[in-house]
Structures are given as structure tokens and as C-alpha cells.
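Q: Could you walk me through how the chains of this complex sit against each other? I'd like to go one interface at a time.

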Number of protein chains: 4
Amino acid sequence: MKKSEITLTTLPTGQALTAPVFTFEGSDRNAPSVYIQASLHGSEVQGNAVIYHLWEYCNAHPPTGDITVVPLCNPYGISRKAGEYTAGRFDPTTGDNWNRTYVDFTPEAKTFKHEGDVASLKKAFRAYMLSALDNKIKAGLDTAQLIAARLQQMTLNADLVLDLHTGEVSDRHLYAPSYTLDSTQYFNVPFVLSIDNGFDGATDEAVFCPWWTLAQARNLDVKHFGVEAFTLEVGSQEMINFDAAKIDAEGIVEYLKHQGALEGDAIKTTMKQTVRTLDNYKTFHAPTGGLVEYAVEPGEHLEAGQVFARILNINHYGTEKCFTNCVLDYPAIAILRYSSAVVPEGAQLYRFFKK
Amino acid sequence: MKKSEITLTTLPTGQALTAPVFTFEGSDRNAPSVYIQASLHGSEVQGNAVIYHLWEYCNAHPPTGDITVVPLCNPYGISRKAGEYTAGRFDPTTGDNWNRTYVDFTPEAKTFKHEGDVASLKKAFRAYMLSALDNKIKAGLDTAQLIAARLQQMTLNADLVLDLHTGEVSDRHLYAPSYTLDSTQYFNVPFVLSIDNGFDGATDEAVFCPWWTLAQARNLDVKHFGVEAFTLEVGSQEMINFDAAKIDAEGIVEYLKHQGALEGDAIKTTMKQTVRTLDNYKTFHAPTGGLVEYAVEPGEHLEAGQVFARILNINHYGTEKCFTNCVLDYPAIAILRYSSAVVPEGAQLYRFFKK
Amino acid sequence: MKKSEITLTTLPTGQALTAPVFTFEGSDRNAPSVYIQASLHGSEVQGNAVIYHLWEYCNAHPPTGDITVVPLCNPYGISRKAGEYTAGRFDPTTGDNWNRTYVDFTPEAKTFKHEGDVASLKKAFRAYMLSALDNKIKAGLDTAQLIAARLQQMTLNADLVLDLHTGEVSDRHLYAPSYTLDSTQYFNVPFVLSIDNGFDGATDEAVFCPWWTLAQARNLDVKHFGVEAFTLEVGSQEMINFDAAKIDAEGIVEYLKHQGALEGDAIKTTMKQTVRTLDNYKTFHAPTGGLVEYAVEPGEHLEAGQVFARILNINHYGTEKCFTNCVLDYPAIAILRYSSAVVPEGAQLYRFFKK
Amino acid sequence: MKKSEITLTTLPTGQALTAPVFTFEGSDRNAPSVYIQASLHGSEVQGNAVIYHLWEYCNAHPPTGDITVVPLCNPYGISRKAGEYTAGRFDPTTGDNWNRTYVDFTPEAKTFKHEGDVASLKKAFRAYMLSALDNKIKAGLDTAQLIAARLQQMTLNADLVLDLHTGEVSDRHLYAPSYTLDSTQYFNVPFVLSIDNGFDGATDEAVFCPWWTLAQARNLDVKHFGVEAFTLEVGSQEMINFDAAKIDAEGIVEYLKHQGALEGDAIKTTMKQTVRTLDNYKTFHAPTGGLVEYAVEPGEHLEAGQVFARILNINHYGTEKCFTNCVLDYPAIAILRYSSAVVPEGAQLYRFFKK
């Protein structure tokens with residue numbers, strides 16, 4: 001394993017903001033290349049413990065494919081405390097979510113001109129994207145776009161991309177493009193979100209959407225390009241747990257075996273996996289501001305009508321407004337919830353899988 | 001003038017977050033109705049001084065059209081200090097820009113079914129939007145969407161909408177849909193941005209885009225609906241200047257006369273107005289992080305190659321990296337600039353009109 | 001129970017920042033008067049659930065002493081979100097900790113002139129403090145001082161004061177002036193900090209220090225004044241738990257019975273209480289920045305040399321700097337810990353009672 | 001000039017937070033040693049431009065005394081943006097003002113045991129402080145204390161210390177211990193605050209208070225130690241102006257000549273200097289929240305009764321509460337003012353010298 005550094009931006013002090021980059025050189029030039037990063041959102045640090053276990057594995061079992069890993073990939077967000085917590089979700093000047101500012105190459109994918117087979121098309125389009133990205137950086141980008149673009153340069157060179165995130169208070173779940181649903185069975189996650197070809201600025205989308213669009217424009221099966229990208233949510237923010245991380249690392253190892261980037265026979269997860277599309281992934285907004293007692297934790301199943309949260313408005317003590325009970329009119333599974341009891345009206349209190 | 005209150009959201013204390021609403025009832029039921037708000041971005045408060053002068057005028061010269069005014073329309077943003085300054089540009093939980101979360105009715109405008117003349121179409125589509133907006137609020141929205149939606153309810157009832165903002169350190173400028181370029185000559189602003197029918201979530205767009213789209217879908221001239229909406233940038237953030245505000249108020253008065261919402265003959269501005277489309281409105285990003293000496297102020301003209309800012313990297317003293325000179329390769333007019341000397345790489349240092 | 005409102009400060013919108021005030025009038029004019037507040041630090045909301053249970057009790061068992069309760073006593077702090085969490089510990093402009101800006105009357109206590117018995121002395125000194133506080137407010141105070149001063153006016157009128165806080169991730173504990181150690185046995189808390197007569201700006205100190213100093217200056221036993229004040233830490237921040245709150249409320253009820261503000265025979269807690277002075281309450285600072293796995297939870301006992309936290313520096317993977325083990329060289333009990341895994345060097349990682 | 005780096009703390013990423021340190025070795029071992037830093041508060045960057053000019057001078061005129069300079073001495077604060085501005089005044093977790101956490105050695109100064117002449121006493125007490133500071137760092141400090149302590153190590157080795165700050169919107173002014181009032185005439189500042197031997201945690205106090213106390217404890221004239229320290233406020237925050245910086249640099253050069261750290265005859269400033277003690281330096285707090293039009297700029301003289309600021313409460317339009325005029329009942333000179341028009345009640349609107 002080799003260590004280098006990438007400069008993501010320059011701080012007002014004139015000092016470079018850098019992230020460490022670790023690379024394993026694979027033994028087989030034909031094996032897929034892999035890119036993994038963690039902590040693009042500063043409070044979502046558990047992925048670094050997952051990476052720790054992954055490295056322990058790779059040191060003992062040298063990979064066949066090249067593997068590039070950037071733990072702590074957004075030092076700007078990671079080091080930005082607000083109180084004891086980490087205000088690492090967006091640029092503090094612009095509000096740009098660090099994971100919504102990647103460059104979109106789907107328009108170019110629709111119109112890309114190239115004659116030749118899939119391998120040569122893949123090579124040409126990748127080269128095009130890298131060159132176009134470089135030009136965008138030179139022409140000037142916002143700070144958040146700049147950091148994303150410099151990470152994106154690394155993701156574009158990889159065939160398999162894993163962006164390790166966490167929810168707020170959350171069970172494990174995986175965002176997977178719908179064409180990868182065979183692959184998802186190797187990850188140790190109970191919940192899978194099957195997503196379509198829609199670009200909203202995230203790391204994984206910036207990888208798979210252009211290839212998917214390129215394939216669609218040519219009536220090709222996107223699987224021919226051998227490119228997959230996932231957002232893997234490995235638990236809750238603001239915490240490190242090495243035992244839990246080991247479970248996620250083991251799933252990633254099986255996935256990489258399945259893809260031929262690690263040696264050995266891949267074994268599917270023993271977890272029961274529930275798969276849903278985005279329109280069955282529901283956000284519940286706080287119907288009033290107040291202080292929330294959460295009655296249901298991520299992973300739990302709810303009946304229709306079951307109270308999963310209760311909002312206290314103690315200044316209305318003695319009236320019916322003192323408590324607001326939160327219920328759904330359909331059965332569901334809680335995937336994640338808000339991480340504070342102190343909520344304004346409209347806060348995203350829970351996210352549910354419709355059963 | 002009557003005063004009431006609108007509840008925008010409920011705070012975690014259970015207390016309502018409210019904004020005052022002031023209304024003048026017009027003398028002529030056929031005159032256009034007007035809606036004006038200020039300080040959707042919390043640090044952009046100069047519009048409140050403009051409103052002060054406008055009321056002084058309206059008290060002396062009662063309007064013909066109904067006028068609804070919401071100064072301090074976003075108390076959440078206005079009261080959010082960070083250091084001495086006002087962190088009022090976006091929701092502190094989600095990063096949602098307070099002026100990018102309005103509901104988009106252009107999809108419905110494309111397919112809206114209605115038989116009848118323009119007046120009846122206007123009435124029907126307005127009623128549709130109000131009802132649909134109400135349903136969205138009931139179904140649950142994020143905090144920033146909720147505040148915007150409750151303001152949007154008022155804007156949808158008006159024919160003429162002015163959203164008073166400021167730049168950072170900025171000269172006056174006006175965002176105007178291209179079909180209103182006759183109207184813009186009444187405002188006391190030296191710079192006008194002519195914009196197309198593109199929805200990006202802002203107050204003004206949420207008003208004019210649906211009508212414009214409705215007109216386009218029917219091959220109607222959008223002017224028939226009599227709906228206009230503008231973002232008027234009345235100077236720099238974090239300051240109040242009553243003399244400057246009077247100039248802006250006078251321009252608004254002439255515009256409202258021109259539209260028949262106030263009585264009297266409208267007089268065009270004596271200011272020289274420069275009009276540009278958005279593709280001639282250029283952002284200059286800081287090419288490095290550092291400490292910036294701004295050499296050109298908003299309103300000033302630049303030659304190609306003229307140094308308009310110099311970035312000090314004192315930790316590189318003694319090397320050529322100590323200073324970075326900022327230049328353009330075309331002549332331009334500075335419209336606004338960043339408000340701090342302390343900048344990371346990628347910061348939006350200036351915005352220019354190409355000459 | 002009656003409800004009113006107190007205005008704490010005026011916001012930049014010109015709107016009053018208010019907190020609700022609830023009062024029970026006691027049946028016995030000779031019974032001590034009580035003041036209870038919660039959430040002076042905005043993220044520490046569990047006290048409001050405690051207050052809920054307390055009111056349920058008081059409604060069923062009317063108090064003998066007057067009881068004034070201000071839940072949500074710092075709406076400025078409670079409504080200040082930063083990300084999902086609550087940035088409610090200090091004034092965002094000045095950094096003033098909301099619980100360190102109370103006015104200090106100990107200098108005046110040392111030199112206060114009065115002839116008469118204890119009851120008349122108490123009355124005179126209380127009147128002096130209230131009048132002096134009023135003068136300070138009129139002369140001009142910082143925002144945080146102003147809010148504190150307006151709460152302090154209510155505390156000065158009470159004999160028994162409870163300020164309900166929480167730790168970060170924390171077990172229950174109580175700050176008690178050393179002369180109240182008989183009283184502490186009625187609270188349902190496992191850990192008691194016995195504190196001396198030292199003023200550092202907190203609610204409880206602002207109540208008991210002046211009386212204690214007045215007593216010391218006159219060689220009186222401070223107990224003669226019948227004034228007690230406590231900071232009661234009822235668990236962890238950012239959460240509401242009604243079952244846990246009931247336990248704390250029951251302890252408060254017994255304490256108020258013991259003091260004669262409620263009717264009935266007081267029963268001491270069945271919890272084992274460990275009492276320590278401040279010099280046996282130790283802060284452990286993070287010896288390096290990094291990502292922390294917390295191995296010991298509040299309430300747990302540690303041996304000397306036991307690893308209670310492990311800090312991951314994954315960018316130093318492969319070197320001995322990758323992990324830093326945290327240990328003490330003495331046996332201890334963990335009282336509270338930092339609430340995030342993401343820590344800079346120097347962060348207050350844990351607080352311990354020395355065994 | 002040599003450049004090195006000092007590590008101030010370790011970030012959550014495990015990366016060192018460093019500041020550049022520049023040193024000139026003086027030609028005369030008997031000349032006083034000098035320490036200068038800038039930007040301990042992150043938004044106060046103008047001192048870096050002053051340092052630039054100072055270095056240009058020193059490169060042309062090599063110093064006799066050793067000069068150590070740390071521009072950008074608090075990279076944690078400088079790089080912490082909140083909106084476009086710089087939230088660099090206090091630690092975002094604890095609220096600790098970066099310039100209030102230096103270690104206080106005055107208690108030890110009172111009781112320090114040493115036999116010998118002033119030179120040997122100076123050497124011994126300096127060695128004591130350095131050693132004690134090192135022990136404190138090893139024993140564990142809060143992040144803000146740690147950064148201060150590591151800067152303090154450098155200040156303790158110097159005879160002459162300049163801490164370059166700025167006000168908010170401010171004229172130049174100098175905090176000077178009263179025993180240095182001869183020296184202050186060399187600085188190019190119109191306003192001087194003469195301060196007593198009182199420690200409140202600031203850089204300059206941490207230097208001069210221990211020596212002053214040591215002198216007082218022994219009935220020595222503090223001047224015998226040859227130690228002076230100043231906080232020099234070189235204008236307004238959030239800006240860089242090289243022309244203004246040159247004036248300040250020239251004053252510092254004359255001061256250093258006067259002290260023998262630079263060669264040449266020192267010339268006193270041609271500015272009229274007004275000197276006041278702290279009790280004649282008055283803070284005016286906003287009597288209400290609202291939007292402020294500042295009518296008087298720093299440096300201007302006011303008559304008693306003159307309106308220097310007007311607070312708009314537009315939600316009270318039509319009532320006498322719409323405007324609040326701010327006046328003093330004594331003549332004064334404005335030294336600095338708040339930097340935003342958006343203020344809560346209690347904000348420090350202005351600071352004045354009483355005339």
C-alpha cells in the first residue's frame with residue numbers, strides 16, 4: 001500500500017487542504033479498478049473504521065484489481081465543529097451540500113460521438129470526461145464544486161466506486177442503481193434502495209449516470225461497461241464502532257471478490273435484504289416544532305397507526321397542543337431518524353420503507 | 001394600512017415564528033394588486049428602509065391597487081447571528097437557500113386544462129396553484145420549503161411582486177424577466193439582468209415562470225396575464241442607509257404608477273441603465289485561497305487586464321506565490337464583490353457585466 | 001397554575017424573545033418559594049420532560065410554597081440549530097456561555113450594611129439585589145447578560161432554585177453547595193458534586209454565593225437564610241425520555257417535601273450516592289485529534305490502566321500513531337463524555353469521579 | 001529571514017494544524033528580542049499586510065534584535081467561514097475567545113523565590129514560566145488553551161511583544177500597559193488605552209502582567225525587566241488595505257528603533273494621540289433589537305445629545321417604537337462600532353472615548 005496526498009482546495013491562510021490517498025496496486029491488469037472514499041459529510045466517520053478493516057484484509061490478501069482509498073476525503077467538513085458536533089454537511093458560505101456538487105456528464109453522454117467497440121468507447125468517454133473535468137476546474141468553480149471535482153477525477157478512473165456515508169441515527173442501507181441488484185446481495189446491508197438514472201449531484205450518480213446514459217443512447221446494456229457505484233450508509237453519524245465496521249468491511253470484501261477485484265469465491269450476505277424504489281422511501285416531516293421523544297428506532301417495523309414519535313410542546317401544557325402523536329396510515333420499516341430531540345416544524349423526523 | 005401576522009413555522013420551543021403583514025386596500029378593484037417583501041435573506045435588510053419610504057408615500061398618496069407588504073419576511077434568517085454578522089442565507093440544518101425552495105408550478109402550467117378567456121384562465125390557474133400549494137403544505141414540507149410556501153401563498157394572489165434583496169458589497173441591480181423590459185426603466189437601478197423562463201426556486205421565478213409557461217403552452221403573450229415579478233437588489237448586505245433607500249423607493253413608486261397601482265404619471269429613471277442577459281453576467285472565482293485587497297468597487301468599469309483584486313499569501317513571502325493578481329481578459333463592469341478579505345479558493349470574488 | 005410570559009430580549013426583527021412562565025400559588029405563606037427552569041443551554045431539553053411530570057404531581061397535590069417554573073427558559077439557544085443539532089451553549093456573537101453571565105453580588109454581600117435579625121436581613125439584602133440588578137439592566141448589558149439578568153430577577157425572589165441541565169452523554173449528577181449535603185439525599189441522582197462558595201457566573205452560584213458570602217461576613221450559618229440552589233443534570237443532551245424524567249421528577253418532589261414546599265413526608269433516594277468535591281472531578285482532554293471509539297459509558301467504573309477510549313488516526317495507518325489508547329493512572333467512575341466521535345486535540349473527552 | 005512551522009493542535013482528521021514562523025536573527029546579542037503575531041482572531045487580517053511592509057523594511061535594514069513573526073497565527077479561526085464572513089473569534093465548541101485563554105503566571109510571580117540581580121531574576125523567572133507552561137500542556141488543556149499555550153511559549157522568550165488585531169469597524173488604537181506610555185508615542189495610532197496590571201487571558205497581558213506583578217512584589221520598577229507588550233488594533237476586520245498597513249508598519253519600525261531592536265533614530269508619530277484609561281472607554285449597548293443606521297464613524301467626535309445611531313423597528317411602523325435614537329449624555333469620540341446593521345438588544349453597538 002502506498003500513501004500520497006491530494007490537494008482539494010487552498011484555505012484562506014494559503015495552506016493547502018489535503019486528504020491522504022492510499023493505493024494498492026492489483027496483481028491483474030484486467031481486474032476492475034476500485035475507488036473507495038469516506039466522510040464526504042464530515043460527521044459521517046464510521047466509514048473510516050470500515051476502511052481500517054478492509055486494509056487489514058487487503059494486507060493479508062493482496063488484491064487483483066487496483067484499489068484507491070481516500071478516508072477522511074473532506075477535511076474541510078470533518079474539522080468544522082459547531083458545538084460538540086460536526087457541521088460537515090455543506091459549505092458554510094454557500095450552503096452547497098458537499099455531496100450535491102459533482103459535475104454532470106449525462107448531457108455529453110447523450111451526444112458523445114465515437115466509433116468502435118465497447119472497450120474503446122469506454123476508454124474514449126472516460127478520457128473525454130477527465131479532460132472536460134480538468135477544463136472546468138481551470139475555468140473556475142465554487143469551493144464545494146472544486147473539492148468534488150478533484151475527488152471526481154479519481155472516481156472517473158475507477159470501475160467500482162463506493163462512497164461510504166452514514167445516516168443520522170440510522171440502520172445500514174445501500175443506494176444502488178437498479179442495474180446492480182445482483183451485486184447488492186454481497187453487501188452486509190438489510191435495506192437496499194434501488195435508484196434510477198437520475199443525476200442530483202452525488203458521488204455515485206456522477207459515476208454511474210453518464211455510463212448509464214451513454215448505454216441508453218446507444219441501446220447498449222450498461223453492464224457492458226463494468227462500472228458500478230454505490231452509496232453505502234454504514235450506520236449513524238458522529239460515532240465510531242469497530243465491531244460494526246467489521247461487518248460492513250466483510251460485505252465489501254465479498255462484493256469485491258464477486259467483481260474480481262479480490263481473489264476468492266464470493267459469498268452472499270446472510271442478512272435478509274429488503275429492496276425498495278425511491279417512491280416507496282417516505283420522509284415524515286415534523287408536523288409542529290417541539291421536543292421529540294422517539295419511540296421507534298431504525299430497523300424496527302411499525303403497524304399503521306402506531307405512535308412512533310411524540311412531540312412535547314410544554315408551553316401549551318394543559319391543552320391538547322401539549323402533545324402531538326406521530327403516526328403513519330400504512331405499515332412501514334424505520335430506516336433512519338433525526339438525531340436531536342429539538343426540532344422545528346418541517347424537520348425530517350424519520351425516513352421509512354413502505355411495507 | 002392594516003397590520004396582521006403570518007405564521008411561517010413553529011420553532012422547537014413550540015412558539016410560532018411570525019412575520020408582520022401590512023396591507024393597503026386600493027381604491028380601484030380593477031387596479032393590479034401588489035406584493036412586496038424584504039429580507040428573505042437575513043443579512044439583506046436595506047429593503048426595509050426602502051419599504052419605510054414607500055409607506056410614507058402611500059400614506060400621503062393612497063394606492064389604487066391593493067398593496068401587501070411583508071418586511072422582515074424571514075425572521076428565522078434575520079435573527080440568526082454568527083459572530084457580528086447575520087447567517088441568514090440558508091437553513092442551518094439542511095443548507096437550503098431560503099430563496100431556492102419555492103414550489104414550481106411550471107409542469108402543471110404546461111398541461112393545465114381550461115376553456116375560457118384570459119381573465120377566466122388567470123382566475124382558474126391562480127385558484128389551482130393556491131389549492132395545490134395548500135395540499136403540499138398539508139402533505140409535509142421541509143422547514144425552508146414551508147416558510148417559502150407560506151410566503152408564496154401571498155405572492156400568488158398578487159399581480160406585481162417585488163422581492164427586495166441586496167448583494168454582498170453591491171451596486172443596485174434588478175433581475176427582470178425579459179418580457180418586462182419596458183417596466184424596468186421606471187426603477188432607479190443602473191444594472192438590469194434580463195432573464196429567461198427558467199425556474200430555480202426563487203420568489204420571483206415562482207411567480208412569473210408558471211404564467212410564462214402557461215402563455216407559451218397556449219401561444220399567448222404572457223403580458224396578457226398582467227403578472228410581473230422582480231428581484232430588486234437595493235445595495236449591500238448588513239447595512240441600512242435611509243438616503244439610498246429613498247432613491248429605490250422613488251423608483252418603485254414610478255413603477256407602480258406605470259402599472260396603475262398608484263395614481264399619477266410615471267416618470268422613467270434618469271439613471272443610465274445597462275442591460276445584460278445571464279450569459280454575460282460572469283462570476284470570478286478566487287484562483288487561490290488567501291487575503292484579498294479589493295481594488296475595484298461595484299459600479300466601476302475595468303479594462304481587460306486591469307488588476308481588480310490582489311490576493312496575499314503571506315506564508316509564501318519571498319516567493320512569487322506571495323501575491324496573485326486577479327484580471328479579466330475582457331472589459332467589464334463590477335456589479336458586486338465578496339464581503340470579506342478572507343477567502344478560500346473558489347470563493348465567488350466578483351460578479352461582472354461583460355461590456 | 002397560571003401562565004404568563006417574560007420578555008428576555010428583543011430580536012433584530014424588533015420582535016420580543018419571550019419564555020413562558022408558569023406559577024403555582026402555594027397554600028402556606030410561610031412555606032419556601034421555589035423557582036425551577038430548564039434549557040438554559042438549548043440542547044439540554046430533558047428537564048422539560050421532568051417539569052411535565054412535576055406539574056402532573058403538583059396538579060394532583062397542590063403545593064404549600066409558591067412554585068415558579070420556566071421551561072424552555074432560553075428560546076434563543078433552543079431554536080438555534082447547526083446541522084441537526086442545537087448550538088445552544090453560548091451567544092453566537094460573543095461566545096458568552098449562557099450559564100456564565102449572571103450578575104455577581106458577592107462583593108456587595110461582603111460589605112452589606114444592615115441591622116436586624118436574619119429575617120429582616122434576608123428581606124433587605126434580597127431587596128438590595130433586586131434593585132441593583134434592575135439598575136444594571138437599565139445601564140446596559142450584553143445580550144447574554146441581559147437574558148441571564150431577567151431570569152436572575154426571578155431566581156432572587158425564590159428560596160429554593162433548581163436549574164435543570166444535562167451533560168453531553170451523561171449520567172445524572174447534581175452540583176450542590178457543600179452546606180446542602182443533607183438535602184441532596186432526596187434527589188434521585190447517583191453522583192453529587194459538593195461545591196464551595198466560588199462564583200463563576202452560573203444560575204445556581206448567582207443564588208447561593210451571595211447568601212453564603214453574607215453569612216460568612218457575619219459569622220452566621222448560611223442555612224439560616226433558607227436559600228438553596230442546585231444545578232441538576234438529568235441525563236444527556238439532545239434527547240427526551242419521559243420514563244427517565246419521571247425518576248428525576250420524583251426526586252424533586254421528595255426534596256420539595258423535605259423543604260416544606262410540598263406536603264407529605266419526604267423519602268430519601270434509594271440510589272447509592274457518590275459525593276465528590278470539584279478537585280476529585282477530573283477532565284480528560286483528547287491527547288490528539290482523531291476519531292474516537294468510546295469504550296466506557298457514563299456510570300461505569302474503571303480500573304487504573306483500563307482503556308476507556310481509542311482514537312483512530314487512519315491517515316497514520318501502518319504506524320504506531322494509527323491508534324491512541326486513552327487510560328487513567330487511577331480508578332475512576334465515568335460521569336459524562338463528549339458526544340461526537342470527531343474530536344480535535346484538547347477536546348474534553350470525559351469527566352471522571354476519582355474513586 | 002528563516003521560515004519554520006509551529007504545530008498548534010491536531011485536527012479531527014489527525015492532521016497537524018500549523019502556522020508559519022518567520023525569524024530574523026539580530027546582529028546584536030544585547031538588543032531586545034521581538035515577537036509579533038497577527039490574526040489570533042480569524043477575521044482580523046489587516047495585521048498580515050502590516051507584517052508584509054515590516055518585512056520589506058527588515059530585509060532592507062537588518063535588525064539588531066532577534067525578531068520572530070507569526071502571521072496567520074490562528075489558522076483554525078482564519079479558515080472558519082460562516083456565510084461570507086469569518087467566524088474566528090472563539091472556539092466553536094466551547095465559546096472560548098481565542099484571546100482569553102492564555103495561562104496566568106501572576107500568582108507565581110507574587111511568590112517567586114529567587115536571589116540575584118534583575119538580569120538573573122529575569123532569566124530565572126522566564127525559565128520558570130516556560131517550564132511550567134510546558135507542564136501544563138503535558139497535563140492536558142482545552143483546544144483553545146492549547147493553541148494559546150503554544151503561542152505563549154514564543155511570547156515568553158521575547159522582550160517586546162506586539163499582538164496585531166483589529167476592531168470591528170474601527171479606527172486604529174493601542175492597548176498599552178500604563179508603564180509604557182513613553183513608548184506609545186512611536187506608534188502611528190490616534191488612540192491609546194492605558195491599562196493596569198489586570199489579567200484577563202489576552203496575549204499582551206500574559207506577557208506583561210507576570211513581570212509587572214513580579215516587580216510589584218519586590219518593589220522594583222517593572223521597566224528594569226525591559227519587557228513590553230501591546231495589542232495594536234490596526235483598523236477594521238474582514239479587510240486588507242496595503243496603504244493603511246504601511247502607516248502602521250512605519251510606526252512599529254520607529255518603536256523598534258526606540259527600543260534598539262532596529263537601527264536608527266526613532267521619530268515620534270505626528271498623529272495627535274488621545275490617551276484614556278479603561279474606565280473612560282465606554283460601551284454602548286443596543287437599547288432594543290432592530291436594524292441600525294450608523295450615523296457616526298470611528299474617529300469622529302460627538303457632542304452630548306447628538307444622535308449617532310438610529311434603530312429601525314419597521315414592524316412597529318406608525319408608532320413611536322418605529323425609531324430609537326441613540327445618544328450619549330457626554331461628549332465623546334467613537335473608536336469602533338458593530339459591523340452589521342442587524343442587532344439584537346444588548347449588542348455592543350459602539351465603543352467611545354469619553355472626552
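A: Before the symmetry, a word on how copies are compared: they are superposed by least squares on the C-alpha atoms of residues with pLDDT of at least 70 in both. This is a predicted model, and on that basis chain C can be laid on chain D with an RMSD of 0.0 Å by a turn of 180° and a shift of 0.0 Å along the axis.

Q: What relation is that?

A: A turn of that kind is the relation of a two-fold axis. The contact surface follows it, since 100% of the contact residues of chain C recur in chain D, and the same surface serves both copies.

Q: And which residue of chain C comes closest to that rotation axis?

A: For the axis relating chain C to chain D, that residue is C:G95, whose C-alpha lies at 2.1 Å from the axis.

Q: OK, how many residues does each of those two chains put into the contact?

A: Chain C contributes 37 residues and chain D contributes 37 residues, and together the two chains bury about 2,400 Å², with 46% of this area on carbon and sulfur atoms. On the side of chain C, the residues that lose the most area to chain D are C:P12, C:F90 and C:E345, which together account for 25% of what that side buries.

Q: How many salt bridges are there between C and D?

A: The count is 2 salt bridges between chain C and chain D. In one pairing, the side chain of C:R150 meets that of D:E345 in a salt bridge, at 3.2 Å from N to O. Across this interface there are also 14 residue pairs in polar contact, counting pairs with both residues at pLDDT 80 or more.

Q: Which elements of chain C supply that side?

A: Two or more residues each come from β1 (2–10), α5 (143–156), β14 and β19 (342–343) of chain C, and α5(C) gives the largest share, 3 residues. By residue type, the side of chain C that touches chain D divides into 13 nonpolar, 19 polar and 5 charged residues.

Q: Switching to chain A now: by what turn can C be laid on it?

A: Chain C can be laid on chain A by a turn of 180° with a shift of 0.0 Å along the axis, at an RMSD of 0.0 Å. For this axis the residue of chain C that comes closest is C:A82, at 3.3 Å for its C-alpha, and 100% of the contact residues of chain C recur in chain A.

Q: How much area is buried there?

A: About 3,900 Å² is buried between chain C and chain A, and carbon and sulfur atoms give 67% of it. In chain C, the residues C:E84, C:Y85 and C:Y317 lose the most area to chain A, together 21% of what that side buries. The contact brings 45 residues of chain C together with 45 residues of chain A.

Q: What about salt bridges and polar contacts, how many between C and A?

A: The rule finds 0 salt bridges across the interface of chain C and chain A, whereas 23 residue pairs are in polar contact, with both residues at pLDDT 80 or more. Several elements of chain C supply at least two residues each to this side, among them α1 (46–60), α7 (242–259) and β2 (16–24). The largest share, 7 residues, comes from α1(C), and the side as a whole divides into 26 nonpolar, 10 polar and 9 charged residues.

Q: Last thing, what confidence values come with the prediction?

A: The predictor gives the complex an ipTM of 0.97 and a pTM of 0.97. For chain A, the mean pLDDT is 98, and 100% of its residues reach 70 or more.

Definitions and conventions. Residues are numbered from 1 along each chain as its sequence is written. Chains are lettered from A and ligands numbered from 1 in the order in which they are written. Side-chain values use heavy atoms; hydrogens and water are left out. Contact means heavy atoms within 4.5 Å. Buried area is the accessible area (1.4 Å probe) that two parts lose on being put together, summed over both. A salt bridge is a side-chain nitrogen of Lys or Arg within 4 Å of a carboxyl oxygen of Asp or Glu. A polar contact is a pair of N or O atoms within 3.5 Å; within protein, one must be able to donate a hydrogen and the other to accept it, and residues adjacent in sequence count only if both atoms are side-chain atoms. Helices (H or I, at least four residues) and strands (E, at least two) are DSSP runs, numbered from the N terminus. Ala, Val, Leu, Ile, Met, Phe, Trp, Tyr, Cys and Pro count as nonpolar, Asp, Glu, Lys and Arg as charged, and the others, Gly among them, as polar. pLDDT is the predictor's confidence in each residue, from 0 to 100.
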